[in-house]
Amino acid sequence: MATRKEKPVFKIMLIEDHSDFRDSLTFLLNSNDQFKCSSYAKAEDALKALEIDQPNVIIMDINLPGISGIDCTRIIKSKFPSIQIMMCTVYEDDSKIFDALKAGASGYLLKRAAIDEIFASVLDIYNGGSPMTPVIARKVVASFVSKSEDHAKQEILSERENEILNLLSQGLRIKEIPGILFISINTVRTHIRNIYDKLQVNSRVHALNKTKYNRNGS
Amino acid sequence: MEKSKINIVLFFILLFTSLFRITIVNGQAPVYKNYTVNDGLPSQVVYCALQDKEGYMWFGTDAGASRFDGKHFQNFTIKDGLSDNEILKINQDSKGRIWFFTLNGKLSYYFMHKIYNSQNDSQLSKIRARFEFMSFMEDSKGNIWFGGYGRQLLLIENGGGVKNFYFDSLEINYRRAWIYTYEFDSNEIWIFTPKHTFKYSYDTISVLDTSNFLNPFYVNFNLQNLRPSDAYYFCKSGICNLKGGKPIKLFSDRKVVPYDHLKRIYIDNMNGLWLFTSNSKLYYLNKLYGNYQKDSIDFLGTYIGDIYVDDEGNKWFCSTGKGIFRELPYGKKIHNLDENKIFEKNEEILCTARDNLGRVWVGSASGGLFCLDKDSIYKIQIENINGTIQKIIGITFDKSNNIWGATTLGVFVLKNIGDKQYSSQKRISLEYGNGLFGDNFTAKNLKFDNNMNLYVSTNNGVTKLVTKFGRTCLSFVDPKEIPPSRNYCLYFDSRNNLWFENFEHLFCYNNKKLTTYSYLDSEFRCEITDIESSFDSILIISTYGNGIKFLKNGKIINSLNSANGLAADLCRRLFVDSNTVYVATNEGFSYFTYQNNNVSDLKTISSADGILSNDIKDICARGDDIYLATSSGLCVIDKKISQIVATPPRVYFTSVSTGDSSFFDYNNRKISYKSDFKINFIALAFDQPDKVTYQYSVGSDGYNWIETKNNSIDFSLLSPGSYTFRLRAKKFNSDWSEPISFNFSVTPPFYQEWWFRILIIFALASVTFYFLRLAANRKYQKQLLILQQNQLLIDERTRISSDMHDDLGADLSNLLLLTRLGSRSTNLPEEEKMQFHKLEEYATDVIDKVDEIVWSLNPSNDSINRLISFIGIYSNDVFQLSAIKGSVLLPEKIPNDQISAAVRRNVFLVVKEALNNAVRHSGATNIILEVQLNLRDLKIIIRDNGHGFDVNADELKGNGLFNMKKRIQELNGQFQVESKSGEGCTVYFSLTV
């Protein structure tokens, strides 16, 4: 354990009601020296333990008994905006993912993902990246179209962000975008994160909580 | 010689006896129609008559009043409100009230179908009558003066006031004194009493000296007011007209009219003056001061109490005991000589003929031979033969005006000895042949030919007057020339042809030559009764059953029968006077003009017109007089009778009845469609009321006259609607009257009323609405059920997909994770690691399949957006797993429109199949998936650059293209594959989602 202190270790909180999968994933994450994972079956328990555990990344199952993953995300993000929340889902095409993203989640993780992928995703999100699928991209576009109609002066996406979003919505993967736009994948991720952020800004909850962010953050 | 002496003596004896029998009488004999209780009169004691302004005749009897409309007597008694049943006098005032003067002195009057008396009329209740009233006068102010016996005068003022005057200053002897009133001028009324004349002026009564002209009898005085200031009266000095207060003496010859006995005078509407005397005699003075016309009219000793002449000219004689007698009106000349000083009662007349002097002779069944000269009648009685009466069947005259007669007992001749005198009858014998003579045979007819040879028809053939064996006798015409058969009629035409018939055929005989017209038998079909010829030599033949035939040159050129208007088809005799043909039949007679074979002006007269009998034996005419020999007597009728045009009758609706109730206020009445409807009416005609014809029309507009003889019309089941009933009438000799009309409406049954129809419409609408709503509700319920079922399905799909997603997905994910963890384990042998890898692949595959199932199950994915996204994700995954460079082109804007699960699933499966085909079998290096969307038209193109294949080859079926095509066609879409060997393949399909 002592030897592992050399590497930066960040805390992951897993909120998953499926006990076997929770145990498996906890085991997997903890098997990586970079992660320290605590897990909870219920959002209520997790929220109680939040102050104590102070996780950097939370992997949250969308379908939770009691407080749902989306609600939980909203709560956590309102209290601890700095915590990156990654939604965990069985299927990529889950309509709830977009709702979760709107609630403040930064990305999502497929349960079937390969082990390396899981690690990469966690690191990715910790480092500020965000995954986005065509379905999500489409919803984001629709969301911004309707919002720009409602609030013309509202913050709108930049040209590059629009470009990326359009590509995504046409079915391209994030990995394919750097080849098209001649930018690094990290830049793409940043743009996507910004898109998410702009998406969240439009939620009143977030605007309301900006002060809290300033007070409680860092 | 002795015989001839005796004959001469006999002749003179007979001549004297015949001369004694000749009597001269006045030719005018009135005809009366008698009405008795049998006709409906309440009593035969009739006191008075009046025609009211409407035209009805009123009669006062000792058993009530009676109103007569020409057909029916409507009787009124005290039960109907009369104050007394003894009605002595009837008067009508200008208001239309009909006043009844009764024996008990109480007044009552009739007005508008009701009788008023002291019980129901306040004016009448103020009257205190001592005795009966006898005079009536309405002055020019409309006040009515009633003079009464018992010294009383009653004044009913126009305004309604009632005044009683009592002249008690008259002595007690005058208790039954008469009182008459006379209007001198509008402000002065004279009151005549037996003792004084009074003057009533401005409510005061003063004595007036009229002794200079008015010298009344004590008991008998009578005054009749004709109009204001114009009255007629009689007094000791004569019959006077009092005009403007000044008397004009009209008549004072007591020798002619014993007016000492005068009781009453009556001036009729034709200025005829009728005088009633106390000795029951009635006198008539024409034109008031003209000639004395009539002696006492004797109604078999019955006293005539009153006379009234109505506007038709009928004279109504009211007798006390024999009812009412009506004399036919002036101008209508029918003299029925059925009972006279010359004619026996109902003497049967058999023949009539005109002699060369224009006199008319008739022969009767009782052997009477009558000559009707211009204004006298002679009678010669033909002697009986051995006590048997000779019925005179035919008469003819020779040039010397000797009378030749055919009777049932032979032939006689009366020699004209001048000055209307004739010898006694000489009988002509018949020679049967071989010198055998007989006097007694039946002669049927006798005619002179143009050479004045006499021919007589007998039962045994035609005979001719000849001289044989030194004596004048009848002898049969040679039987070889004329068949010896029964023979009735004879006629010589202008060419001296003898026409006759023998019950079989018509014959023409001349110069020993006989022509038989047997071919005409079918035309005559019956016995020929008479033959005459028109002035243009057309034979006119009357038949006994088939009317009249006109014969020319052996052909029937015309015919006339009852269908054409002839009185009857049984014709008896003809008489031709220049171009007028007279026909005697068994149902009256007809006469017409016959010219150029054209029948015109046909007129038929029957007993309905007043002639004695319809049974006419013979006919002849002289000037305008037509002489009818009937079985009931001789009838002389003016030819102009049918030309007299009377004024149209007055027509009234008498009552209208529906069902049991009848009413007089019939106008605008509503009648139920169910009830029978009867309209009673009358046209007032007293002369021949049976010949009144009515025409009515029922309709809302237009006149469609229907003719009837009845006095009522029954309607039943008239269709609902408004009607106008119009009626007019005509007498037999008048034009149509002006139509009278009234309106009525037939109410429809309730189911035809407007409110019921509205109700029905409303009810229908309600029912329709109800059923429509019911249907709509059911449809809605059905839809709701489908929706509920759909929702249940959706719910179920959601549950299943959710379960699979959450539980199965999580389990499988865990399985996969554990497998991967297992395979990462470094201390495992390589073989087991391979097993783990296989397990991992397997698990990944299962997860993918579950993923697809969940996707297709989840109802929230039922949108185009979701479908295209999923296709995009799926194809990206497919391309990523394979080494092929694939690109996905999606439309920029995809709406979130709902699509059905079937479309979504099938479209995805086709894309999946096509992609797999391209990836696995085509050997392509580049695959392009393109999705195009135009509104709801979806088009998907999958293009590869592989080695391609022959589309038409059989292998098509093997690589699933068939299934793909089938799936798209099930969705009504179009599926196409374009491929050639070595040139890649393009699969594209389009459908409306």
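A salt bridge, as the term is used in this tour, is a side-chain nitrogen of Lys or Arg within 4 Å of a carboxyl oxygen of Asp or Glu. The model on display is predicted.

**Stop 1: B:Arg227 and B:Asp230**

Select B:Arg227 and B:Asp230 and show their side chains. The two residues form a salt bridge, with the closest N and O atoms 2.5 Å apart. The partners differ in exposure: B:Arg227 is partly exposed, with a relative accessible area of 46%, whereas B:Asp230 is buried, at 3%.

**Stop 2: B:Glu183**

Next, select B:Glu183, which belongs to strand S14 (residues 180-185) of chain B. Display also the residues that B:Glu183 touches beyond four places in sequence, among them B:Pro228 and B:Ser229. Other residues in that set are B:Met137, B:Asp139, B:Ser140, B:Glu188 and B:Ile189.

Which side chain of opposite charge is nearest to B:Glu183? It is that of B:Lys141, 7.2 Å away. Because a salt bridge requires the nitrogen and oxygen atoms to lie within 4 Å, this distance does not qualify, and B:Glu183 is buried without a salt bridge. Its side chain does, however, make a polar contact of 2.5 Å with the side chain of B:Ser140.

**Stop 3: Further salt bridges**

Over all chains, the structure contains 26 salt bridges. Move to chain A and select A:Asp71 and A:Arg74, whose closest N and O atoms are 3.3 Å apart in a salt bridge. Both residues are in helix H3 (residues 69-79) of chain A, three residues apart, which is about one turn of the helix. A:Asp71 is partly exposed, with a relative accessible area of 35%, and A:Arg74 is likewise partly exposed, at 35%.

Return to chain B and select B:Lys912 with B:Glu852. Their side chains meet in a salt bridge of 2.9 Å, N to O. B:Lys912 is in helix H7 (residues 901-921) and B:Glu852 is in helix H5 (residues 830-857), so the pair ties together parts of chain B that are 60 residues apart in sequence. B:Glu852 counts as buried, with 14% relative accessibility.

Then select B:Glu348, B:Arg572, B:Asp615 and B:Lys617 together. Salt bridges with shared partners join these four residues into one network.

**Stop 4: The nonpolar cores**

In soluble globular proteins, nonpolar side chains tend to be buried together. To inspect such a grouping here, select B:Trp58, B:Phe59 and B:Phe725. Of the 63 residues in the largest nonpolar core, these three touch the most other members. Strand S61 (residues 677-684) of chain B makes the greatest contribution to this core, with six residues.

Centre the view on B:Phe59. Beyond four places in sequence, B:Phe59 touches residues including B:Val46, B:Cys48, B:Phe68, B:Phe73, B:Ile90, B:Trp316, B:Cys318 and B:Ile324. A second, separate core has 45 residues; B:Val878, B:Phe879, B:Ile940 and B:Phe989 are among them.

**Stop 5: B:Lys391**

Select B:Lys391, in the loop between strand S33 (377-381) and strand S34 (392-397) of chain B. This lysine is partly exposed, with a relative accessible area of 38%. Add B:Ser364 to the selection: the C-alpha atoms of B:Lys391 and B:Ser364 are separated by 6.4 Å, although the residues are 27 apart along the chain. B:Ser364 is also one of the residues that B:Lys391 touches, as are B:Leu350, B:Ala365, B:Ala406, B:Thr407 and B:Thr408.

**Stop 6: Two positive phi angles**

Most residues other than glycine have a negative phi. Two loop residues of chain B may be inspected with this in mind.

- Select B:Arg525, where phi is positive, near 60°. This arginine is in the loop between helix H3 (521-524) and strand S47 (528-533) of chain B, and is exposed, with a relative accessible area of 63%.
- Select B:Ser578, where phi is also positive, about 50°. This serine is in the loop between strand S51 (571-577) and strand S52 (580-585) of chain B, and is exposed, with a relative accessible area of 51%.

**Stop 7: Chain B as a whole**

Finally, zoom out to display all of chain B. Its secondary structure consists of nine helices and 71 strands. Of its 993 residues, 51% count as buried. The accessible surface of chain B is about 47,800 Å², and carbon and sulfur atoms account for 50% of that area. Among contacts in chain B with a separation of 6 or more, 51% are between residues 24 or more positions apart.

Note on methods. Residues numbered from 1 in each chain as written. Chains lettered and ligands numbered in written order. Predicted model: local features only at pLDDT ≥ 70, side-chain atom pairs only at ≥ 80, totals over all residues. Heavy atoms only, no water. Helix = DSSP H or I, 4+ residues; strand = E, 2+ residues; numbered from the N terminus. Buried < 20%, exposed > 50% of the residue type's maximum accessible area, 1.4 Å probe, protein only. Lys, Arg positive; Asp, Glu negative; His and termini not counted. Polar contact = N/O pair within 3.5 Å; in protein donor to acceptor, adjacent residues only side chain to side chain. Contact = heavy atoms within 4.5 Å. Core = buried A, V, L, I, M, F, W, Y, C linked by side-chain atoms within 4.5 Å. Areas by Shrake-Rupley, 256 points an atom, 1.4 Å probe, with all protein chains shown as cover.
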